4 protein chains.
Amino acid sequence: MPLRVGIVGASGYSGSVLASLLASHRGVELVFCTSDKRNGESVAEALQPVGPGLRGLHFEANSAALSLSAGVDVVFLATGAEVSIDLVPRLWESTRARIIDLSGAFRLRNLDDYVTYYRFEHPRPDLLPRAHYGLPELYGSPPADARLIANPGCYATAALLSTAPLLRSGLVELDRVLIDAKSGVTGAGRQAKEDYSFCEVAEDLRAYKVLSHQHTPEIALGLERFGQGAPVVFVPHLLPLRRGLLTTAYLRPKAGVRRDDLIACLREAYADKPFVRVVDASRVGIKAVAGTNLVYVGVEANGETVVSVAALDNLVKGAAGQAVQNMNLAFGLAETEGLDGLTRFAP
Amino acid sequence: MPLRVGIVGASGYSGSVLASLLASHRGVELVFCTSDKRNGESVAEALQPVGPGLRGLHFEANSAALSLSAGVDVVFLATGAEVSIDLVPRLWESTRARIIDLSGAFRLRNLDDYVTYYRFEHPRPDLLPRAHYGLPELYGSPPADARLIANPGCYATAALLSTAPLLRSGLVELDRVLIDAKSGVTGAGRQAKEDYSFCEVAEDLRAYKVLSHQHTPEIALGLERFGQGAPVVFVPHLLPLRRGLLTTAYLRPKAGVRRDDLIACLREAYADKPFVRVVDASRVGIKAVAGTNLVYVGVEANGETVVSVAALDNLVKGAAGQAVQNMNLAFGLAETEGLDGLTRFAP
Amino acid sequence: MPLRVGIVGASGYSGSVLASLLASHRGVELVFCTSDKRNGESVAEALQPVGPGLRGLHFEANSAALSLSAGVDVVFLATGAEVSIDLVPRLWESTRARIIDLSGAFRLRNLDDYVTYYRFEHPRPDLLPRAHYGLPELYGSPPADARLIANPGCYATAALLSTAPLLRSGLVELDRVLIDAKSGVTGAGRQAKEDYSFCEVAEDLRAYKVLSHQHTPEIALGLERFGQGAPVVFVPHLLPLRRGLLTTAYLRPKAGVRRDDLIACLREAYADKPFVRVVDASRVGIKAVAGTNLVYVGVEANGETVVSVAALDNLVKGAAGQAVQNMNLAFGLAETEGLDGLTRFAP
Amino acid sequence: MPLRVGIVGASGYSGSVLASLLASHRGVELVFCTSDKRNGESVAEALQPVGPGLRGLHFEANSAALSLSAGVDVVFLATGAEVSIDLVPRLWESTRARIIDLSGAFRLRNLDDYVTYYRFEHPRPDLLPRAHYGLPELYGSPPADARLIANPGCYATAALLSTAPLLRSGLVELDRVLIDAKSGVTGAGRQAKEDYSFCEVAEDLRAYKVLSHQHTPEIALGLERFGQGAPVVFVPHLLPLRRGLLTTAYLRPKAGVRRDDLIACLREAYADKPFVRVVDASRVGIKAVAGTNLVYVGVEANGETVVSVAALDNLVKGAAGQAVQNMNLAFGLAETEGLDGLTRFAP
């Protein structure tokens, strides 16, 4: 019997990709999609899926999310942190659904970080330790009793996959993990803002949220979770492309460590991971991963510096794809089920 | 003594380009810029001009336009038709300034066309015959007594320059002038609309306002003004680029007319026109004209069909540059004064 | 038992897409890929497919195509016309494989057209009438005895699907079918030419092969094949995007014909066609079809003019996807088998 | 009397921009342009300048460079290092012209660096100390007796301007200057390579020459020249845009150093420099500088990290514009002469 699943916030970029992934997932029945913006519209009409699926489904109001979730197995929240922080506790208490939250609302542990980086006091600190941080290649399958999965941020996924094994292996110094990140425009979500208009973004590049991006503490905590923390410096840039991001991480090698040791470390870490490919650093590119749940990782080094590069699609492995991967693992389905094709956001 | 000029609506794309052109124009003193959106801000800070100029100027409210215009020689309106239609009559009556209106508010003559294409009843039909349609290469310098210059639309400028001489020369049939047009995104103005966001526009192309675009009657009237009217079909498309447009016009040659006759006709029409270059049709491209006040025109033909192509920058020859050209001619300055460089819109 | 298939010329853009389609097609075993450029390389390494498939396959030399084809059921030629024109006759005579040729070498009938548009004398006019022109939505499944399928050109597919039913229905005049076409850069194939470099193409648009493109006679012949010919005018333009094309066709309605009649005609023509979607003309866009085997078609009209727009992906419905569709139909497989996902060209 | 100047290699991207700058420079007569690729063609026809200038000039063969240089005041070499390394000594010995070399052939001092990074043994080490490294904002005007000016690399210019004053001021630690750089495609020059084709570059980003780019020793030497060296880490990335680059430099602040100290340091360093603008780090973007000789610099910091960002146009301040600036200063012209407008590369 297929899992019954629903999506809250299914008309944004991540939500659209998630709807299209779930619509063609053989182990799933997509029973509801909410979107205040498109309330009442046909989901198939809005998303124009390539294949069948989504027929008959209409967007419902976000306010109906709680009641719609009564009978489902999984609720995905493709919503902003400020929506998730309100809705997750109510879903937790009033339903039996497992919750996969794509926002940052339950990814951190330190309450001060929410104040500093998200600009709110977290109302439910009790739920933070109960949220499983769902980056399967590093932390494995969600535990059987995990009601709430905090789906990782796009930058954090790339940064952690390219650095955490190197840190834990002892091959690099622990003084500083420096990540220079570059993301396409869908990273900002579907927005009617002049800043993201074609004329503003094309032929431009700039840094943003310099030293103040909310994925900074998420990456630092992720390193700790994997067994070896380190101070994190993080600066993102906005690229004139639609999908995908690339992180360039800078570390310092321990004495005597060679490039091949680092490559071997990554190869071992991801030997049996279907979505991570370790390749030459100069072949880690956005085009190769766009539309897919893949991550390309590569490392280069000399005696003074380690450069570890990762690329992924922010909407797939950085959001909707990883959410499906978490669902697959949480329910004992094949990890790659529904994730071996390409996705697009709604036209 | 320099001309004293002002701009109403100086923060949009056309207005920005106009401000930067006028700031470096040697025959002009730019005395005011209005913009409700940026009221109070430094113009130089907003437009970040490459060279000097604009220092000390601050945007003022659009509502101040009338009083600010009291002492100037020229007022440019880089505003929407609905703003111009209200402001132009008041400027006409309360000031002595010459008015150069970049909107479509005074370009047409037929009142029904305003209802059909602009969706309003024109409140001042008396002013329509008093507006000079300012496309100098076809209709010459504005008359000495022209108080109001209707600056042509971007598509109309390209379409007319590539077809009007061919029609008047008698080389082509008069049954139908068919124009397939393609424009970059600045053609839609500076807007915070999802439709013009990078993710929506990049890697896409579509037609819009199919058979209902407001430049259709403007082109038809322009042909008549040049001495030989014809029915006009016009379909525009939105391109994934920032600046520039290309029109591909289809006509039928009269019997015996050869390609060389058509080229000779265009060469003769533009022999002494500094901004029009007649080149091979396959060399008429947007990149060559972007940022400039130039128009590239080229024609190809066989026994059945004439294809006449034109490219220009919608913000310069299609808007601000042509407005400056009209000012130059109206006041006896050199036609190219201030127009021999490149422009950009504000960063 | 799966069909055994091979691809000649599998490293270009169309060939790459074809390899990835066939690698994941459930009714097919891909037994060889040739490419002189990548001879000896791993196909999976070159194409980096998202899912499994292609493992173990290595490119072989094009010169091996004939011997490799001995035991296969279908050979696809993703080669230039000058290669196909030499290889097809040899495959025809020395093997029993059905041949699906993606080039223009066998699409036409008139030998003069080959001289005019392809610049060669066709060496095997005897094979031209034996080639089935494979545009299934118009001409149905390939006949059981069709050894050679000429897979249609990308522009021709779009132009024919948007106009042929209107012509045959008698709703439009027959004097002239005018097609203004716009294509992304993959239309030119994978090439190391300065003309297709990023810096030359970005922010540009221009017409090319004005009135001399080789799809002109192909479209004209396609209309005749569908039962109602007409003179064709065709002008293509190069767009700054990667995949997809849009054709804007201009016709004249017969007296009394309304927009709804035209829409109804298209809806009826494509009622049971899985890959053609009839939508509002302003919703026919490249983004909606990119990566897919879909065609979007829409029509707009007033009393004087009919505008019929079509969009498709030049590499899929305009090349590799349609080739697979032809194979499916020729062998009695489901028409959509292997064609309900997204494709990409090799990274 | 105007300076008589010539350009060797005037048809590449930098050479084109240089020709257009010199053609409209009021203190200069451009007497020759060489280009083997365009030998014999009209320069104006090839470069299609916006304004007048370049009329009558035709490209000559590179082999004529030496004899053409006999009577000129300045020769610009917009050539590859392997051409410059051969030609510069001959110009030095056989002419009296001052030489401004845009390649890297004479920028370094350490012969091993040429072997490591440029892959050749430098044939004329005696000339290296006689070359003036021409980055005026840091090292002032070329000395009166400087026959040879090594025009800095594009990345090096940005990296040095954003870091050298901070290092010399003692505000930051000297352990490591880490520069993550991102450049548009013109940085690779005008090339017919598949790697730089539109389809390969669009929607992609990747690192290249990781830890092995030839600007690494140039930046390190530039810091020393300014009075305070430090180890340099440098990784460049290829952006899907045409012009401009951005460097993000990471440093560590000395104890107690605040963001405002760093900003004040940069403001003081560039107080009277017409081409450098110190702005907020998030406003340092490529679009603001594209086409101009401007550099935008901004700095952000917390207690652990300093992030100093710079943006410039690789073809102007990173190549041709800076070359003109060096000429202006070397000959006592106004520093900004001919450099206060926008430039484009040839269409």
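The following exchange concerns how the chains of this predicted model meet in pairs.

Colleague: What makes the relation between chain B and chain C that of a two-fold axis?

Modeller: Chain B can be laid on chain C by a turn of 180 degrees with a shift of 0.0 Å along the axis, and the RMSD is 0.0 Å. That is the relation of a two-fold axis.

Colleague: How do you know which surface serves both copies?

Modeller: The same surface serves both, since 100% of the contact residues of chain B recur in chain C.

Colleague: How many residues does the contact take from chain B and from chain C, and which elements of chain B supply at least two of them?

Modeller: Counting residues whose C-beta atoms lie within 7 Å, the contact takes 34 residues from chain B and 34 residues from chain C. On the side of chain B that touches chain C, at least two residues each come from β7 (177–183), β8 (206–207), β9 (232–238), β10 (245–251), α11 (286–289) and β13 (306–312) of chain B. By class, that side of chain B divides into 20 nonpolar, 5 polar and 9 charged residues.

Colleague: Why do you say that chain D and chain A meet through the same surface?

Modeller: Because 100% of the interface residues of chain D are also interface residues in chain A, the copies meet through the same surface. A rotation of 180 degrees, with 0.0 Å of shift along its axis, superposes chain D on chain A with an RMSD of 0.0 Å.

Colleague: What does the contact between chain D and chain A consist of?

Modeller: This contact takes 34 residues from chain D and 34 residues from chain A. Among the elements of chain D that give two or more residues to the side touching chain A are β8 (177–183) and β14 (306–312), and that side of chain D has 20 nonpolar, 5 polar and 9 charged residues.

How values were computed: Residues are numbered from 1 along each chain as its sequence is written. Chains are lettered from A and ligands numbered from 1 in the order in which they are written. This is a predicted model: local features need pLDDT of at least 70, side-chain atom pairs count only at pLDDT 80 or more; totals for chains, interfaces and linings use all residues. Copies are superposed by least squares on the C-alpha atoms of residues with pLDDT of at least 70 in both. Two residues are in contact if their C-beta atoms, placed from the backbone, lie within 7 Å. Helices (H or I, at least four residues) and strands (E, at least two) are DSSP runs, numbered from the N terminus. Ala, Val, Leu, Ile, Met, Phe, Trp, Tyr, Cys and Pro count as nonpolar, Asp, Glu, Lys and Arg as charged, and the others, Gly among them, as polar.
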